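Let's take a walk through this fold together, one piece at a time. Have the viewer open and follow along.

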Amino acid sequence: MTKLELARVKGTRDLLPEDMVRRRYVFESIREVFERYGFREILTPTFEYTKLFQLRSGEEVVNQLYAFEDKGGRNLSLRPDLTSSVARLFVNSFQTAPKPLRWYYITNMFRYEEPQSGRLREFWQAGIELIGSSRIEADAEVIALLIESYIATGLKEFTVNIGDRLLLDEFARMLGVKDDIGLMRLIDKKDKMEREDFIGALKEFGLDDNGVEKVLALIELKGKPDEVLPKAYELFRSDEAREELKKIEEIFELLKSYGLYEYALIDFGIARGFDYYTSIVFEAIAPNDLGIGSIGGGGRYDNLIEVFGGKSTPATGFAIGIERLIPILESKGLLPEFKIGSDVFVAYIGKELEIRKKAVEITQALRREGLKAEYDVRGRKLRKALDYANALNIPCVVILGKRDLEQGRVTIRDMESGEQFEVPLNAIVEKVKGLLKK
């Protein structure tokens, strides 16, 4: 019979204990900051009606989804992000709730994309949604929270680049471009293309040399407010555009009060990939040699809840790309060293039930004192049991046999030094803790 081979599905990962301990550290570091800012955790279903995502992004979005028909003939899709699900939840149950709502999530998402560095088909995001405030204080709050979240994971070198969707709309009108969404999507891809390829794509889009030069000038408007805003006020003349520039100016003033001004830049070349953004947008960039671009981002989406049938409600939020953040932290040596596995292994000699019961009792006593303990459920000979503990880097082994029980003692072996100690039964926990503190 041919041996059945089952491969891991393309675009997914098997996460081993050493992966999970690092991920848990990053998750909990971010979670602590989220909750310090008053956000509360939610989780929506893994799949939604495909129509939810079509309403947000159009029919063509189905090509980017894990979309399927279930046994009841319903068209469903695995969630590609949580913003749409959060908006649906709000419309269903929370339109009359006190505002603003501060919700956060840390969970997995699914997109049918070609896997590449930092981009998988199943991936995790940590994100927040702040629903119910149109004020610039809400934008500054979520940007500050994004910055503090990265700092909490140990990341030191990064910026959160801030742009504005309305200014890009205005810019498209200035160029006489009718397909402003298409232009934004093209600008959004600029960092993934060589300059000449980007220029060629702009010309193919329909821009003449003058239009191309204006686009290139726009995306080079990047830096601190005192460097960028005077040029921006010269470029954008409408009242609406100047109101947006004033918002950006105020965000940076507020970030000074947060003590986070140094981490933020203006970048008018940010378009973001989703069409539902309505004003301030932003993304986080950390220099790296891994080919990873944005490690997170978000923006204001004041129209999405209305699209889903709710009352017009302002909202803003962001998502952190965990599959992009962790490799950068690892490459820069910013994650702590983690001890995984058990502190102590209990091995026994003999097959008598009395000995096996005592091994369980000792293991439980260690566990109740907060130690990570396991005992030999395979009943190996002592040499094999010690080899197992050594292979798993378990620092202490408790050894007991029939004679030990008769004398009311056990042997404790320090696996690093090879020293062995005869210890009374009532002193096992104390001795093990002492050895672990060395």
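A good place to drop in is I162. Leaving aside residues up to four places away in sequence, I162 touches I143, I251, F252, L255, A264, L265, I266, D267, I270, I280, V281 and F282. Bear in mind as you look around that this is a predicted model.

Now zoom out from that residue. I162 belongs to the largest nonpolar core, which has 77 residues, and I162 is among those with the most contacts inside it, along with I143, L155, F268 and I320. Helix α4, residues 136–152, supplies the largest share of this core, with nine residues. In soluble globular proteins, nonpolar side chains tend to be buried together. There is another core apart from this one, made of 28 residues, including L65, L101, Y277 and A319.

Next comes the sheet. Its nine strands form an open arrangement with mixed pairing, and the order reads β1-β5-β6-β12-β11-β10-β7-β9-β8. At the edges you'll find β1 (40–41) and β8 (222–223); each has a single partner strand, so one side of each is left without a neighbour in the sheet. For a closer look at one pairing, take β10 (residues 280–285) and β11 (residues 294–300): they run antiparallel and are joined by five bridges. F282, which we already met as a contact of I162, has G298 as its bridge partner in β11. Helix α12, residues 322–331, packs on the sheet, where it touches β6 (122–131), β11 and β12 (315–321), and its direction makes about 45° with that of β12.

On to helix packing, with α5 (residues 165–175) as our guide. Two packed helices are described by the angle between their axes and the distance between the axes. With helix α8 (residues 209–219), the axes come within 11 Å and cross at roughly 160°. That angle makes α5 roughly antiparallel to α8. The crossing of these two is right-handed, and the contact is made by L168, F171 and L175 from α5 and by G211, K214, V215 and L218 from α8.

Helix α5 also packs against α10 (residues 239–258), and here the axes come within 9 Å and cross at roughly 150°. The crossing of α5 and α10 is left-handed. On the α5 side, L166, L167, E170 and R173 make the contact, while α10 brings E240, A241, E244, L245 and I248.

What about helix α3, residues 83–93? This one is mostly covered, with nine of its 11 residues buried. The buried ones are T83, S84, S85, V86, A87, R88, L89, F90 and V91, and they pack against β2 (47–49), α2 (50–57), β5 (101–110), β6 and α11 (304–307). In the loop between α3 and β5 sits P100, and the peptide bond that joins K99 to P100 is cis, with omega about 0°. Most residues other than glycine have a negative phi, and most peptide bonds are trans.

N393 has its own backbone quirk: a positive phi of about 55° although it is not a glycine. You'll find N393 in the loop between α14 (382–391) and β15 (396–400). N393 is exposed, with a relative accessible area of 60%.

Strand β13, residues 344–348, makes a nice contrast in exposure: five of its five residues are buried. In a regular strand the side chains alternate between the two faces of the sheet. Here V344, V346 and Y348 point one way from β13, whereas F345 and A347 point the other way, and all are buried. β13 pairs with β14 (residues 373–375) in the parallel sense over three bridges, with V344 opposite A373.

Let's end the tour at K203, in helix α7 (residues 195–205). Is K203 buried or partly exposed? K203 is partly exposed, with a relative accessible area of 43%. Not counting residues up to four places away in sequence, K203 touches D209 and V212. From K203 to E262 there are 59 residues in sequence and 36 Å in space, C-alpha to C-alpha.

Note on methods: Residues numbered from 1 in each chain as written. Predicted model: local features only at pLDDT ≥ 70, side-chain atom pairs only at ≥ 80, totals over all residues. Heavy atoms only, no water. Pairing = 2+ DSSP bridges. Helix = DSSP H or I, 4+ residues; strand = E, 2+ residues; numbered from the N terminus. Contact = heavy atoms within 4.5 Å. Axes fitted to C-alpha atoms, helices over the stretch in contact; angles between N-to-C directions. Core = buried A, V, L, I, M, F, W, Y, C linked by side-chain atoms within 4.5 Å. Buried < 20%, exposed > 50% of the residue type's maximum accessible area, 1.4 Å probe, protein only. Parallel < 35°, antiparallel > 145°, perpendicular 65-115°, else oblique. Left-handed = near helix turned anticlockwise from the far one by under 90°.
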